[in-house]
Amino acid sequence: MSETRKFILQEKDIPNAWYNIIPDLPTPLDPPLHPGTGKPLGPQDLAPIFPMALIEQEMSPKQWIDIPGEVLDIYKIWRPSPLFRARGLEKLLDTPAKIYYKYEGVSPAGSHKPNSAIAQAYYNKKEGVKKLVTETGAGQWGSALALAGTMMGLEVEVYMVRVSYDAKPYRKLMMQTWGAKVFSSPTKFTEIGKKILAENPDSNRSLGIAISEAVEVAAKDPHAKYALGSVLNHVALHQTVIGLEAKKQMEMAGDYPDVVIACHGGGSNFAGTAFPFAYDKMKGNKKKLRLIAAEPAACPTLTKGVNTYDFGDTGEMTPLLMMYTLGHKFMPSGIHAGGLRYHGASPLVSNLLKNGVIEAVANNQTECFEAAIQFAKTEGIIPAPESSHAIRVAINEALKAKEAGEKKVILFNLSGHGNFDFAAYEAYLTGKMTDVPLPQSDIDNGLKSVPKR
């Protein structure tokens with residue numbers, strides 16, 4: 001029996017095209033709507049905040065979109081990323097299941113986020129943009145865009161959710177090291193920021209607020225564009241390099257997954273991992289394949305939200321998207337997985353959930369950190385708090401296989417390392433971490449903000 005743990009591709013095996021799931025969806029994607037008129041958006045409506053190349057990708061009917069050579073050259077710094085067999089974890093769990101994980105923490109920013117950040121910076125630079133403005137929850141997307149900006153010669157301005165700005169200073173310093181300006185959101189520099197601070201100066205803030213600030217700043221600056229790290233179609237598109245590589249590596253291992261798992265906040269990580277496998281399921285080749293989005297119980301967008309048109313931001317500046325949502329005014333608690341604190345879900349992910357192609361589960365942060373510690377002790381890598389949600393679900397699936405005596409193959413994406421998250425681990429290890437209950441009344445109040453149509 002082979003004891004192979006790591007499956008490595010060569011540079012030539014990096015995908016040369018991204019997979020676009022739009023033409024393969026089981027039902028057509030509902031169009032985004034203009035926030036003012038409520039009518040379907042056209043390319044001209046998005047031009048003030050996005051370069052035309054990304055707008056075209058957002059709406060493209062093509063199944064494959066070529067990856068530019070300059071983007072591929074930068075990808076080669078860390079791609080292809082490795083796939084591991086988690087033999088130590090399997091032994092600890094005493095499970096007949098095989099557990100594999102794709103590891104995206106090898107990127108310079110320590111997560112999967114540069115897969116889209118590099119691409120977005122490239123297309124913006126090509127169209128003459130001088131500055132990119134964005135938001136970040138846990139700091140991973142902000143770090144990735146700061147990296148992309150310095151590599152492409154663009155200024156970067158980041159609005160970081162205050163709860164993470166305070167809790168994760170090294171993410172802030174990483175962005176600043178790469179030349180980005182970082183602000184604690186909400187700020188007093190934007191109209192929406194001043195409004196939020198006037199209403200409640202002591203709230204935990206949210207990604208929706210930070211998005212509003214970034215969009216406002218970008219829209220007012222003729223030399224700037226906005227860059228989003230999740231949710232939108234073109235972001236999910238860029239992330240499919242993860243799943244495309246993973247499929248090749250699973251072939252190297254001589255296996256195909258029964259279950260594919262990734263954490264879910266806005267959807268970029270889950271989409272990038274699962275969409276290439278979703279193609280197999282939708283085409284009938286792997287009908288029994290399960291695709292599981294793992295989200296926090298404190299922000300259960302997919303498991304307790306509703307599928308309807310809603311704003312992507314708190315300030316109601318973004319287009320209306322058909323998505324699972326808790327309402328754009330929903331204010332999640334300050335859990336340590338800051339990258340998963342988002343009220344909405346990718347329209348593409350939402351479409352697949354509505355049509356039964358994927359499923360979703362929610363877990364509390366203490367049980368996720370328990371899983372992260374088990375993983376760290378057996379596999380050596382300290383996971384990001386966001387990734388711990390995928391590990392929790394993978395362990396649960398492995399234990400179910402043990403109970404049933406089934407030899408399942410489980411694949412999950414370890415989307416990033418937790419080397420800047422030791423405050424969270426300290427809270428868990430010292431018994432100070434708690435699970436914040438989410439009353440149904442909080443969900444109901446959040447859903448009241450969903451526009452009536």
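Start by selecting Phe270, Ala271, Phe275 and Met282 in helix H13, then add Leu348, Val349 and Leu352 in helix H15: these residues meet across the two helices, where contact means heavy atoms within 4.5 Å. The residues of this contact are 7 nonpolar, with no polar and no charged ones. For the classes, Ala, Val, Leu, Ile, Met, Phe, Trp, Tyr, Cys and Pro are nonpolar, Asp, Glu, Lys and Arg are charged, and the others, Gly among them, are polar.

Before moving on, note that this is a predicted model, where local features need pLDDT of at least 70 and side-chain atom pairs count only at pLDDT 80 or more, while totals for chains, interfaces and linings use all residues. Residues are numbered from 1 along each chain as its sequence is written, and side-chain values use heavy atoms, with hydrogens and water left out.

**The H13 and H15 pair**

Now show residues 268-282 (H13) and 347-354 (H15) as ribbons: the helices pack at about 40°, and their axes are 11 Å apart. That angle makes H13 oblique to H15; under 35 degrees counts as roughly parallel, over 145 as roughly antiparallel, 65 to 115 as roughly perpendicular, and the rest as oblique. The axes are lines fitted to C-alpha atoms, for helices over the stretch in contact, and angles run from 0 to 180 degrees between N-to-C directions. Helices here are DSSP runs of H or I with at least four residues, strands are runs of E with at least two, and both are numbered from the N terminus. The crossing of H13 past H15 is left-handed, which is the label when the near helix is turned anticlockwise from the far one by less than a right angle, with clockwise giving right-handed.

**The H5 and H6 pair**

Next, select H5 together with helix H6, residues 140-152: their axes come within 8 Å and cross at roughly 40°. This pair is therefore oblique too, but here H5 passes H6 in a right-handed crossing. On the H5 side, pick out Pro114, Ser116, Ala117, Ile118, Gln120, Ala121, Tyr122 and Lys125; on the H6 side, they meet Trp141, Ala144, Leu145, Leu147, Ala148, Met151 and Met152. Sorted by class, this contact holds 12 nonpolar, 2 polar and 1 charged residues.

**Salt bridges**

Time to switch on side chains. There are 22 salt bridges in the structure, each a side-chain nitrogen of Lys or Arg within 4 Å of a carboxyl oxygen of Asp or Glu.

Go to Glu104 and Arg79, whose side chains form a salt bridge at 2.8 Å, N to O. Glu104 sits in the loop between strand S5 (98-103) and helix H5 (114-126), and Arg79 in the loop between helix H3 (69-75) and strand S4 (83-85), so the pair ties together parts 25 residues apart in sequence. Are these two residues buried or exposed? Glu104 is buried at 0% relative accessibility, and Arg79 is buried at 2%; buried means under 20% relative accessible area, exposed over 50%, and partly exposed in between, using a 1.4 Å probe and protein chains only. Add Lys102 and Glu245 to the selection and you have a network of salt bridges linking them with Arg79 and Glu104.

Keep Arg79 in view and look at the next peptide bond: Arg79 and Pro80 are joined in cis, with omega about 0°. Pro80 is also in the loop between H3 and S4.

Then jump to Asp13 and Lys12, a salt bridge at 3.4 Å, N to O. Asp13 is buried at 17% relative accessibility, whereas Lys12 is exposed at 69%.

For a bridge within one helix, select Glu191 and Lys194, with their closest N and O atoms 3.2 Å apart. Both are in helix H9 (residues 191-199), 3 residues and about one turn apart. Glu191 is partly exposed at 49%, and so is Lys194 at 39%.

**Backbone oddities**

Just before H9, find the cis peptide bond from Ser185 to Pro186, with omega near 10°. Pro186 lies in the loop between strand S8 (181-185) and H9.

Which phi values should you check last? Asp94 is not a glycine, yet its phi is positive, about 55°. Asp94 belongs to the loop between helix H4 (87-93) and S5, and is exposed at 54%. Finish at Val231, another non-glycine with positive phi, near 70°. Val231 sits in the loop between strand S9 (224-226) and helix H11 (233-239), and is buried at 6%.
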